[in-house]
Amino acid sequence: MFKSAVSDELPAEERHLQRLQRMATLGTLASGLGHDLRNLVMPVLLRLDVVAATTELPEKARNDLASIRQSILRLQRLAGGLRLLSSDPFDQRDEAQLTTLHEWWQDLQPIVVDALPPHSIVEAKIGSDLPVVAVPPGALAQILINLVMNSRQAMERTTSPKLTLTTRTEQARVMLDVEDNGGGMDEETRRRCFEPYFTTRARGYATGLGLSTGRALLNRYGGDLVLAPESETGTVFTLIMPVRISTPLSENGKHRRVRLLISDPRQLAMLRLLIRHRGLEEVAAHTTDPADLTICDVDALPSVIGTHPSATTNVSGSIIAIGTPKTDMTPDTVRWVDPKDFSILDDVLH
Amino acid sequence: MESAAFTVMCIDDNVLLVDALERRLNLEPGFAGLHRVEDLSRSVESVTRMNPSVVLLDVDLPGGVDAMKILEQIAQKLPDSRVLVFTGYPTGDLVRRAMSHGAWGFVSKGVASDRLIAAIRRVVAGQAVIELEE
């Protein structure tokens, strides 16, 4: 009580700062809780594996074990959701992250259900075949939770509160409609809802930054957050997300054929992982089969560019050499990559 | 399937996890023992001495221990070592940093236990691995 009285006397900017500080503290707490949960869940799962491997276990005990495993996996998902909520959405280091919405929703669903009034119905139509979107999962989670908190307030007096999430694709974008049945917003709220610091909630319970931050975040990734035309029963916000850009080759359904001439076993293993991950095809190292791309190390480069007497490979495509450029032997067609920076290769193979 | 013998070293302060992992790995064909690093400040020395098939390195170590530094030192001193990085805070940036510091693999603590075991087996088999929950 005393705190509120003091807070009311503070200038508006300072109050906002206090609220942001509180949100940041909650984020840190959520992150720590999620991390501790994960540290505890993994040993439980491993022990369950051990018990389940016991051959003389009665059928009933096996069923009990399976149920325990399901609960623990849900707990693990919940911990994952907490992590998503506590990540800094403006963190530059997460720029490259992509989201598979179907799996993202599996993580977030328990948190969304808990955030709504009891007995609320959450209906999600999020297809498993949607394209991957080019927005980090943590940013999307925070945008969605902000919308859900608004819906929660709007549905406080609704007899059968219901939140519906529906996805659709349109050209190179995925739309996620988030609809509640909370009666909708009045004209002024609809007009001003994206204004920073505009809120209909009591002071101290909201920053008034949720929608403006959400829109700014999606804009940053080439998407948008928009308010759909008024619906009969409530409010619909649409998250517009750009899909991951695919290369022209993969759009044509062709697999890029990659030849690897790498002696370092770890580098070779990493590259094979990238190739598999991208759905590309590896061409056997020392054959004459054509490849669209050859990735080699410095030692193998002479055989690739044909300056070595035993050059056997058929290089019809691009060449990437891993290591430090050797100007005296390198044609312009060779692109050099720092052996420590695999992110560059990831982009090349994308 | 033929299973070559392999050993695992855990650089992790979470005793509950290490105990459970040892019990679980005992079910795996070829598993020949788990080594624990009791003193995190001597991790690199322990790896050099024991030369395990796989090192499971938790990057969320307490007391300001820099796991990336440990990883880099292991990679420098023992270029053939295979380190599998394990974390509760997986981010794209951390994956890239771990891989550029010499890791063979990266596993999130948010994956199911069978994926953790499979990741260990794959690194033993000479494959790189990245197991995130998505």
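**Backbone exceptions and the A–B contact**

His119(A) is exposed: 8 other C-beta atoms lie within 10 Å. The model described here is predicted. His119(A) falls under the exposed label because a residue with 12 or fewer such neighbours is given that label. Its place in chain A is a loop. That loop runs between helix H4 (101–115) and strand E1 (121–125). The backbone of His119(A) stands out as well. Phi is near 70°, which is positive, and the residue is not glycine. Most residues other than glycine have a negative phi.

Chain B offers a second case, at Asn51(B). Phi of Asn51(B) is near 45°, again a positive value in a residue other than glycine. Asn51(B) also sits in a loop, between helix H2 (43–50) and strand E3 (54–58) of chain B. Asn51(B) has 14 C-beta neighbours inside 10 Å and counts as partly exposed. The count explains the label, because partly exposed covers the range between exposed, at 12 or fewer, and buried, at 20 or more.

The two chains also touch each other. The contact takes 33 residues from chain A and 29 residues from chain B. On the side of chain B that touches chain A, the elements giving two or more residues are helix H1 (15–25), helix H4 (92–100) and strand E6 (129–131) of chain B. H1(B) gives the most to this side, with six residues. By residue type, this side of chain B divides into 12 nonpolar, nine polar and eight charged residues.

Note on methods: Residues numbered from 1 in each chain as written. Chains lettered and ligands numbered in written order. Predicted model: local features only at pLDDT ≥ 70, side-chain atom pairs only at ≥ 80, totals over all residues. Contact = placed C-beta atoms within 7 Å. Helix = DSSP H or I, 4+ residues; strand = E, 2+ residues; numbered from the N terminus. Nonpolar A, V, L, I, M, F, W, Y, C, P; charged D, E, K, R; others polar.
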